[in-house]
Amino acid sequence: PRLALLTCSIDATQLTKLSGRALTLDYASPEQVNNASLGTASDVYSLGVVLYELLTGTRPYHPKGPTRRDLEQAILEQDPQKPSEQLLTQTTGNSETGKSARRMRGDLDTIVLKALRKDPKQRYATAQAFADDLKRYIGFEPIAARPQGLLYRASKYARRHRVALTATAAGIASIALVAGYALQQQQLAAASQGRAKAVDSLLRHLFRGMSPDVAATRTFTANELLDRTALYID
């Protein structure tokens with residue numbers, strides 16, 4: 001809900017219309033601290049600070065002292081800790097806090113830290129681009145702030161379509177089970193048929209060249225039949 005609220009507010013931001021250092025220093029961008037020229041990137045940074053605070057309950061920097069100069073130095077020099085790691089440092093056996101931190105890992109950490117880059121050129125180009133990436137995160141879609149490899153896109157697709165994919169996987173498993181059983185029966189039938197053909201072939205060989213008249217008047221010993229069988233097997 002907090003992310004949804006922020007994405008709605010980003011679309012209508014007018015922070016750049018504030019001149020000078022009217023913006024509270026706690027949410028000021030490095031370029032504001034340095035009295036440099038301001039642009040949309042400064043708005044993105046301030047919104048990043050707001051999001052960081054919404055997610056963790058604290059701001060992304062920790063001044064070494066209580067003075068304004070300490071705060072300015074922290075904004076200019078300190079690299080913010082990942083929101084998920086910051087939240088974990090505050091965890092005192094709270095399982096819900098731990099779950100929240102795990103959900104932040106990855107994409108949400110990436111989005112927030114991109115908005116808080118020291119270099120304005122490395123942040124989101126516009127507040128709308130920032131909002132769009134947050135909406136992608138909420139919708140389990142690949143975000144623009146990170147490389148989109150095949151495995152990453154596949155994991156996002158699976159997350160969005162978890163129920164459908166589970167049903168599909170169950171269907172595939174059922175089909176595979178039935179197909180495997182049918183193949184096994186086919187192989188058993190083929191083996192049985194092969195054995196029958198082998199026995200028939202052996203019998204034909206054993207009595208090859210023996211006319212009915214000869215077979216009727218002569219008794220074949222077991223040794224003779226075994227000799228013929230041995231020759232057939234060789």
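Buried means under 20% relative accessible area, exposed over 50%, and partly exposed in between, with a 1.4 Å probe and protein chains only as cover. The structure is a predicted model, in which local features need pLDDT of at least 70 and side-chain atom pairs count only at pLDDT 80 or more, while totals for chains, interfaces and linings use all residues. Residues are numbered from 1 along each chain as its sequence is written, and side-chain values use heavy atoms, with hydrogens and water left out.

**Exercise 1. Describe the chain as a whole.**

Step 1. Take the elements. Helices (H or I, at least four residues) and strands (E, at least two) are DSSP runs, numbered from the N terminus. The chain has 12 helices and 0 strands.

Step 2. Take burial. The chain holds 234 residues, and 28% of them count as buried.

Step 3. Take the surface. By the Shrake-Rupley method with a 1.4 Å probe, the accessible surface is about 14,900 Å², and carbon and sulfur atoms own 57% of that area.

Step 4. Take the contacts, where contact means heavy atoms within 4.5 Å. Among contacts with a separation of 6 or more, 56% join residues 24 or more positions apart.

**Exercise 2. Find the largest nonpolar core and the helices that supply it.**

Step 1. Apply the definition: a nonpolar core is a set of buried Ala, Val, Leu, Ile, Met, Phe, Trp, Tyr and Cys residues joined through side-chain atoms within 4.5 Å.

Step 2. The largest such core has 28 residues, and Tyr61, Ile75, Ile111 and Phe130 have the most contacts inside it.

Step 3. Two or more residues each come from helix H3 (40–56), helix H4 (68–77), helix H6 (95–104), helix H7 (107–115) and helix H8 (127–138). H3 gives the most, with 7 residues.

Step 4. Look at H4 in detail. Its buried residues include Asp70, Leu71, Glu72, Ala74 and Ile75. The buried residues of H4 pack against H2 and H3.

**Exercise 3. Locate the aromatic pair and the charge over one of its rings.**

Step 1. Rings of Phe, Tyr and Trp (its six-membered ring) pair if their centres lie within 6.5 Å; planes under 30 degrees apart count as stacked, over 60 as edge-to-face and the rest as tilted. The whole structure contains 1 aromatic pair.

Step 2. The pair is Tyr124 with Phe130, stacked, at 5.3 Å centre to centre and 20° between the planes. Both Tyr124 and Phe130 are buried.

Step 3. A charge sits over a ring if NZ of Lys or CZ of Arg is within 6 Å of the ring centre and within 35 degrees of the ring normal. Lys114 lies over the face of Tyr124, 5.4 Å from the ring centre.

**Exercise 4. Work out the surroundings of Ser29 and Gln78.**

Step 1. Ser29 is in the loop between helix H1 (2–10) and H2. Ser29 is buried, with a relative accessible area of 0%.

Step 2. Beyond residues up to four places away in sequence, Ser29 touches Ser42, Tyr45, Ile75 and Arg123.

Step 3. A polar contact is a pair of N or O atoms within 3.5 Å; within protein, one must be able to donate a hydrogen and the other to accept it, and residues adjacent in sequence count only if both atoms are side-chain atoms. The side chains of Ser29 and Ser42 make such a contact at 2.8 Å.

Step 4. Gln78 is in the loop between H4 and helix H5 (83–89). Gln78 is partly exposed, at a relative accessible area of 22%.

Step 5. Residues up to four places away aside, Gln78 touches Tyr61, His62, Pro63, Gln73 and Lys118. A polar atom of the Gln78 side chain lies 2.6 Å from the backbone oxygen of His62. The C-alpha atoms of Gln78 and His62 are 8.0 Å apart, with the two residues 16 apart along the chain.

**Exercise 5. Identify residues other than glycine with a positive phi, and state their exposure.**

Step 1. Most residues other than glycine have a negative phi.

Step 2. Asn35 has a positive phi of about 60° and is not a glycine. Asn35 lies in the loop between helix H2 (30–33) and H3. Asn35 is exposed, because its relative accessible area is 57%.

Step 3. Phe140 also has a positive phi of about 60° without being a glycine. Phe140 lies in the loop between H8 and helix H9 (150–160). Phe140 counts as partly exposed, because its relative accessibility is 32%.
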